Amino acid sequence: MTYVVMENCIQCKYTDCVEVCPVDCFYEGENFLVINPDECIDCGVCEPECPAEAIKPDTEPDTEQWIELNKKYAEAWPNITSQRDPLPNADDLNGKSGKLAELSENPGEGD
């Protein structure tokens with residue numbers, strides 16, 4: 001089992017999860033975070049820290065697509081290890097459905 005970042009992170013990008021990760025397995029896109037499944041040690045400390053409840057175990061239903069996206073972008077985006085402010089409209093967009101179309105493939109700043 002590993003953890004996976006799901007759709008609700010898109011356009012929110014809270015980074016509370018990044019701050020608590022003991023192995024620095026988060027990678028940053030322009031408007032989304034991903035977890036590298038090969039680096040995640042399945043400790044689960046990130047899941048309760050996410051204000052958007054966007055982090056789930058990969059054993060949850062409907063995670064297949066997100067597992068693939070996390071793996072793909074973890075290989076392309078820079079590593080992020082410190083907490084930053086969320087995106088400007090994060091609180092307004094938290095919980096909005098259908099955000100996959102808004103996922104940017106552009107990398108974030110990283111650390």
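How many disulfides does the structure hold? It holds zero, where a disulfide is a pair of cysteine sulfur atoms within 2.5 Å.

Before the details, a word on the source. This is a predicted model, in which local features need pLDDT of at least 70 and side-chain atom pairs count only at pLDDT 80 or more, while totals for chains, interfaces and linings use all residues. Residues are numbered from 1 along each chain as its sequence is written, and side-chain values use heavy atoms, with hydrogens and water left out.

Back to the cysteines. Cys21 is in no disulfide, and its nearest cysteine sulfur belongs to Cys25, 3.7 Å away. Cys21 has a relative accessible area of 10%, so it counts as buried (buried is under 20% relative accessible area, exposed over 50%, partly exposed in between, with a 1.4 Å probe and protein chains only). Cys50 is in no disulfide either; for Cys50 the nearest cysteine sulfur is that of Cys17, at 5.9 Å. Cys50 is buried too, with a relative accessible area of 11%.

Next, the empty space. The count comes to one cavity of 30 Å³ or more, and the largest cavity holds about 60 Å³. On a 1 Å grid over the protein atoms alone, a cavity is a set of points where a 1.4 Å probe fits but cannot get out, and lining residues have an atom within 4 Å of a point. Grid points are joined across faces, edges and corners, and a volume is the space filled by probe spheres set on the points.

Which residues are closest to the centre of the largest cavity? Of the 13 that line it, they are Cys21, Cys25, Cys40, Cys43 and Cys46. The lining divides into eleven nonpolar residues, one polar and one charged. Here Ala, Val, Leu, Ile, Met, Phe, Trp, Tyr, Cys and Pro count as nonpolar, Asp, Glu, Lys and Arg as charged, and the others, Gly among them, as polar.

Now two residues outside the strands. Asn36 sits in the loop between β3 (33–35) and β4 (55–57); strands are DSSP runs of E, at least two residues, numbered from the N terminus. Asn36 is buried, at 11% relative accessibility. Setting aside neighbours within four places in sequence, Asn36 is in contact with Cys25, Tyr27 and Ala74, contact being heavy atoms within 4.5 Å.

Thr2 lies in the segment before β1 (3–5) and is buried, with a relative accessible area of 7%. Not counting residues up to four places away in sequence, Thr2 touches Pro37, Cys40, Asp42, Lys56, Pro57 and Asp58.

Definitions and conventions. Helix = DSSP H or I, 4+ residues; strand = E, 2+ residues; numbered from the N terminus. 1 Å grid on protein atoms, 1.4 Å probe; cavity = no way out; pocket = protein on both sides within 12 Å on 5 of 7 lines; lining within 4 Å.
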